[in-house]
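Let's get to know a protein by working through a few exercises. Have a go at each task before you read its solution.

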Amino acid sequence: MGFLDSIFNVINDLTWGWALVPFLVVLGCFFTISSGFVQFRFFTRMFKVLTGTDEDNDPTKISAREALFVSVGGRVGGGNIAGVAVAITAGGPGAVFWMWAIALVGMCSALVEATLAQVFKRTEENGDYRGGPARAIIHGLGMNYRWLAVIYAVCLIASFSIGFNAFQGNTVAGAALDSMNIPRLATGAVLAVLTAVIVWGGIHRIAKAADIIIPVMAFMYIGMALVIIVINIGSLPGVITDIVANAFGFREAVAGGMGAAIANGLRRGLFSNEAGLGSAPNVAATAYVKHPVSQGITQSFSVFIDTIIICSCTAFVILLGDVYQPGAEGIDGVALTQQSMVGHVGGWVQYYLTVAILLFSFSSIMYNYYLGENALTFMTDSKMAIQVLRVAIVCIVFLGAVAPGATFVFNFSDPMMGILAVVNLLALAMLFPVAVRLINDFRGQLKAGVKMPVFDPAKFPDIDSDPTAWPDAPKAPAE
């Protein structure tokens, strides 16, 4: 175990340690500039998905809105509560500014990877769609790159479905024990049953559950944060000034100054919103939309929700309170967020936060399971394999909950995610010209007065898309 642990540490150092974060930032900036800042040009269209006015929804399909909420449920999690606190503790208030910056850039990366997942998706026998980076690699780059797709799929299962689901179970059980004194065993049993009910329903049940859970989760957390902001509205301008000043080194809050702010802000921002990491495109591909870029815009919006809205709520709750002291040690993570909330509105809020953590974590469990299912169906057609995966996920969630602390299974999650992110970014770099063509096609239709652009596979014969996945495409005239 010690030998394996050392191997995973080396992988983690080679990916997250020095290569991956700069790669994500540079590639995100390249995508943004090369696409003409597409995430800002289409910003107002992002909000239409909430009302469904941008697409004609088919009740038998996964809608763009449902795919959005599933992906938001995956992106939003412990990183939005504990991760932001860690970033502020290690990098000072300036870390928040760099979290915002990487999110604005990451919105373009999310748009590109979701667009590619859509254009290369495949229709299954039951009419559902499957796609994601593994299938984009096969159909976009060719069978010679299958080995790269397999590496991605294996790492996706290992990191998200196994490691992160154990972590989510552990987070929920720990919060229930600390705030309500509920035994880990009881929380683990309830969580396992709820997980089983959802995962045996497949992507449709996951989507329906997310369509209910995610809005409740978001409004609960955002609502409480807004109450705290309003209570402290007089201090808000000063907090924003501190964030900007610390971000550029004008006012040091921690050792390392501007460098610490940038490093922690970028890393925690990327961990939180997952833009460019290749996870959310698996869900993005399930949606029924008329044009691949439509779902790209939707997924770009999910990054905005995750970081610009929800992470900012956590940051303001912490920075408007008295619990956080720049440079002080001894309290960080979820405890800092929790104690900051208690300081604002009283001890009862810890129960409120526990419920929020439960919803955040359960939504992530649903999301993480589907990522594993999608990766597994790429590697095998066996129905039995899916059943085995479902049983394994339920057991993993239960074991993660009853474990008193971090276990070995957590240690390999980050390195495995690092590998899959590198694979995804390589594929994105090679397939970016395809995404640009699709973006230009979408723009061209909008300029021509088309309200809802439609993808026509016949216009792109060199792109290996599945014609059956685009029922709204213009039909060829009969001879």
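Before we start, a word on helices: here a helix is a DSSP run (H or I) of at least four residues, and helices are numbered from the N terminus. Keep in mind, too, that this is a predicted model.

**Exercise 1. Get an overview.**
Work out how many helices and strands the protein has, and what share of its residues is buried.

*Solution.* Start with the elements: you should find 21 helices and two strands. Next, look at burial, where the cut-off is under 20% relative accessible area. Of the 479 residues, 58% are buried. Now turn to the outside: about 18,400 Å² is exposed, and carbon and sulfur atoms supply 67% of that. Last, check the contacts with a separation of 6 or more: 83% of them join residues 24 or more positions apart.

**Exercise 2. Place Ser 179.**
Find the helix that holds Ser 179, then decide whether this residue is buried or exposed.

*Solution.* Ser 179 is part of helix α10, which covers residues 146–180. Its relative accessible area is 9%, so Ser 179 counts as buried. Who covers it? Setting aside residues up to four places away in sequence, Ser 179 touches Gln 338, Gln 350, Tyr 351 and Thr 354. To see how far along the chain you've jumped, take Leu 353: it is 174 residues from Ser 179 in sequence, but the two C-alpha atoms are 9.2 Å apart in space.

**Exercise 3. Try a loop residue.**
Where is Asp 128 found, and which residues is it in contact with beyond four places in sequence?

*Solution.* Asp 128 belongs to the loop between β1 and β2. Its relative accessibility is 13%, so this loop residue counts as buried. Its contacts, leaving aside neighbours within four places, are with Arg 122, Thr 123, Ile 203 and His 204. Ala 287 is 159 residues away from Asp 128 in sequence, with 8.7 Å between their C-alpha atoms.

**Exercise 4. Follow the rings.**
Count the aromatic pairs, then say why the pair of Phe 31 and Phe 432 ties together separate parts of the chain.

*Solution.* The count comes to 17 aromatic pairs. One of them is Phe 31 with Phe 432, whose ring centres are 4.6 Å apart with 25° between the planes, and the pair is stacked. Phe 31 is in helix α2 (residues 20–34) and Phe 432 is in helix α21 (residues 413–447), so the pair links parts 401 residues apart in sequence. Both Phe 31 and Phe 432 are buried.

Rings also group elsewhere: Phe 43, Phe 47, Phe 301 and Phe 304 make up one aromatic cluster. And some rings have a charge over them. The charged end of Lys 121 sits over the ring of Tyr 129, 4.0 Å from its centre, while that of Arg 146 sits over the ring of Phe 378, 5.1 Å from its centre.

**Exercise 5. Explore a pocket.**
Which residues lie nearest the centre of the second largest pocket?

*Solution.* This pocket has a volume of about 670 Å³. Its lining has 26 residues, and those nearest the centre are Glu 124, Arg 130, Thr 377, Asp 381 and Lys 383. Among the elements that give two or more residues to the lining are both β1 (122–123) and β2 (129–130), along with α18 (349–379) and α19 (383–402).

Technical notes:
Residues are numbered from 1 along each chain as its sequence is written. This is a predicted model: local features need pLDDT of at least 70, side-chain atom pairs count only at pLDDT 80 or more; totals for chains, interfaces and linings use all residues. Side-chain values use heavy atoms; hydrogens and water are left out. Rings of Phe, Tyr and Trp (its six-membered ring) pair if their centres lie within 6.5 Å; planes under 30 degrees apart count as stacked, over 60 as edge-to-face and the rest as tilted. Buried means under 20% relative accessible area, exposed over 50%, partly exposed in between (1.4 Å probe, protein chains only). A charge sits over a ring if NZ of Lys or CZ of Arg is within 6 Å of the ring centre and within 35 degrees of the ring normal. Contact means heavy atoms within 4.5 Å. Accessible areas come from the Shrake-Rupley method with a 1.4 Å probe; for residues, only the protein chains shown count as cover. On a 1 Å grid over the protein atoms alone, a cavity is a set of points where a 1.4 Å probe fits but cannot get out, and a pocket is an open set with protein on both sides within 12 Å along at least five of seven lines; lining residues have an atom within 4 Å of a point. Grid points are joined across faces, edges and corners, and a volume is the space filled by probe spheres set on the points.
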